[in-house]
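User: Please give me a close look at one part of this model, starting from a single side chain and following its neighbours outward. I'd enjoy one connected account rather than a list.

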Amino acid sequence: MLRKNKTLGEFIIENQTSFKYTSGELSRLINSIRLAAKVVNHEVNKAGLVDIIGAAGDTNIQGEDQQKLDVYANEKFIQTLKNRNIVCGIASEEEDSFISINSQDKNNQNKYVVLIDPLDGSSNIDVNVSVGSIFSIYRRVSPVGTPVTLEDFLQKGNQQVAAGYIVYGTSTMLVYTTGDGVNGFTLNPAIGTFYLSHPNMEFPQDGHIYSVNEGNYIHFPKGIKDYIKYCQMEEEDRPYTSRYIGSLVSDFHRNMIKGGIYLYPKSSKTSDGKLRLLYECNPMAFLAEQAKGKASDGFTRIMDIEPTELHQRVPFICGSKNMVEKAEEFMRNAQ
Ligand code: AHG
Ligand code: MN
Ligand code: MN
């Protein structure tokens, strides 16, 4: 039975024994992410106060403008995980290639790699709209004590050991799964402690919200256009409500609580959509399924897609199970 005033620290310790592997390494890793989340939260919250907003003048590997807070969050997550010597490798949306940690040290017995989108929805920062961070954890497949390899990161989403996000919204929440349901923790900023506020989070099986950047409508495939028209049709429980923040984390979080569907389809301009399989889609798909929702590229389960490169993009449809299945039906029928 979950007590509501439990702290994240207590929750991690209590649930340690339910992990498949109980060395405590995964618990320590989630604790490190908790720490990095607090540091980034502090910075995000003062973004309007200091001269930190605006583009850093650099572009990331995908050619997008990099905001200063992207760089900051990236550094903080990497630094925290490195300092605590808790993982053997990190891949980040903001880094060209993966980082191998202590690759020279034969005694490094760390088994886990972490993949991060350190700041999601970064274009929302300078307009004071909520953003997030996303993380995904795998056990390495290469031998422990050797430098990590690309194969350690290019694992299917169904191999994830844990995944989660932090949403820096009207309050800051850390939501994660280790494959045993989804739990959400709200930060009390006065004392810097996360409390279990949303035990056993679940998507309603149906919903009334659809989230998609409709400005791209003209470029969408027929199946998506048809589904959007279906959402807008006058029927018993429709038209649905349209809500699109432009931060995947925030849109997902709202849809999980209220019931809804998020779509970032491919278009005639972006053949694979925009979102990254490893840093965004897989962790959100793991959370969605653990919360009784669903995630698909329109035809295939996201977590069954074989990754071929670190920064791979895929079309992404995610949310309440019945809604995602309806969208898939439209995709099939438009074939
Ligand atoms: P990031 O800030 O990490 O690059 O991610 C932004 C992503 C996602 O969070 C959001 O839902 C989507 O891009 C918005 O894209 P559009 O502006 O094309 O709608
Ligand atoms: Mn992102
Ligand atoms: Mn990002």
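Analyst:
**Val-44 and its surroundings**

Val-44 has its place in helix H2, which covers residues 25-45. Please keep in mind that this is a predicted model. With a relative accessibility of 11%, Val-44 counts as buried, because the cut-off for that word is under 20%. Setting aside neighbours within four places in sequence, the contacts of Val-44 are Leu-69, Leu-119, Ile-125, Val-131 and Tyr-168. Take Ile-125: it is 81 residues away from Val-44 along the chain, yet their C-alpha atoms are separated by 7.9 Å.

Two of these contacts lead us onward. Let's begin with Leu-119, a contact of Val-44 that also serves as a donor to the manganese ion (ligand 3) through its O atom. The other donors there are Glu-93 (OE) and Asp-117 (OD), and the distances run from 2.2 to 2.3 Å. Along the sequence, the donor residues of this ion follow the spacing E-x23-D-x1-L. Both Asp-117 and Leu-119 are buried.

Asp-117 then carries us to the second metal, since this residue bridges the manganese ion (ligand 3) and the manganese ion (ligand 2), which lie 3.7 Å apart. Around the manganese ion (ligand 2), the protein donors are Asp-117 (OD), Asp-120 (OD) and Glu-280 (OE), at 1.8 to 2.2 Å. Here the sequence spacing reads D-x2-D-x159-E. The pair Asp-120 and Glu-280 links distant parts of the chain: Asp-120 belongs to strand S5 (residues 112-120), Glu-280 to helix H7 (residues 277-290), and their positions lie 160 residues apart. Asp-120 and Glu-280 are both buried.

Glu-280 is in good company in that respect. Of the 14 residues of H7, 12 are buried, so the rest of the structure largely encloses this helix. Among the buried ones are Tyr-279, Cys-281, Pro-283 and Phe-286. Just beyond H7 comes Lys-292, with a positive phi of about 65°, although it is not a glycine. Lys-292 is in the loop between H7 and strand S14 (293-296), and its relative accessibility of 46% makes it partly exposed.

Now for the second contact, Ile-125, and the stretch beyond it. Val-127 is located in the loop between S5 and strand S6 (131-139). Is this valine buried or exposed? At 55% relative accessibility, Val-127 counts as exposed, because the cut-off for that word is over 50%. Together with Val-129 and Ile-245, Val-127 forms a nonpolar surface patch of about 220 Å² accessible area.

Finally, back to H2, the helix that holds Val-44. Helix H1 (residues 8-15) has Leu-8, Gly-9, Phe-11 and Ile-12 buried. Looking down the axis of H1, these buried residues fall within an arc of 165°, so they line one face of the helix. As a rule, an α-helix makes 3.6 residues a turn, so residues three or four places apart point the same way. The buried residues of H1 pack against H2, as well as strands S8 (172-177), S9 (182-188) and S10 (193-198). After S10, in the loop that leads to strand S11 (209-211), sits Asn-200. Asn-200 has a positive phi of about 45° without being a glycine, and it is partly exposed, at 47% relative accessible area.

How values were computed. Residues numbered from 1 in each chain as written. Chains lettered and ligands numbered in written order. Predicted model: local features only at pLDDT ≥ 70, side-chain atom pairs only at ≥ 80, totals over all residues. Heavy atoms only, no water. Donors = N, O, S within 2.8 Å, 3.2 Å for Na, K, Ca; no water. Helix = DSSP H or I, 4+ residues; strand = E, 2+ residues; numbered from the N terminus. Buried < 20%, exposed > 50% of the residue type's maximum accessible area, 1.4 Å probe, protein only. Patch = residues over 30% accessible without salt bridge, like charges linked within 9 Å, V, L, I, M, F, W, Y side chains within 5 Å. Areas by Shrake-Rupley, 256 points an atom, 1.4 Å probe, with all protein chains shown as cover. Salt bridge = Lys/Arg side-chain N within 4 Å of Asp/Glu carboxyl O. Contact = heavy atoms within 4.5 Å. Arc of directions from axis to C-beta.
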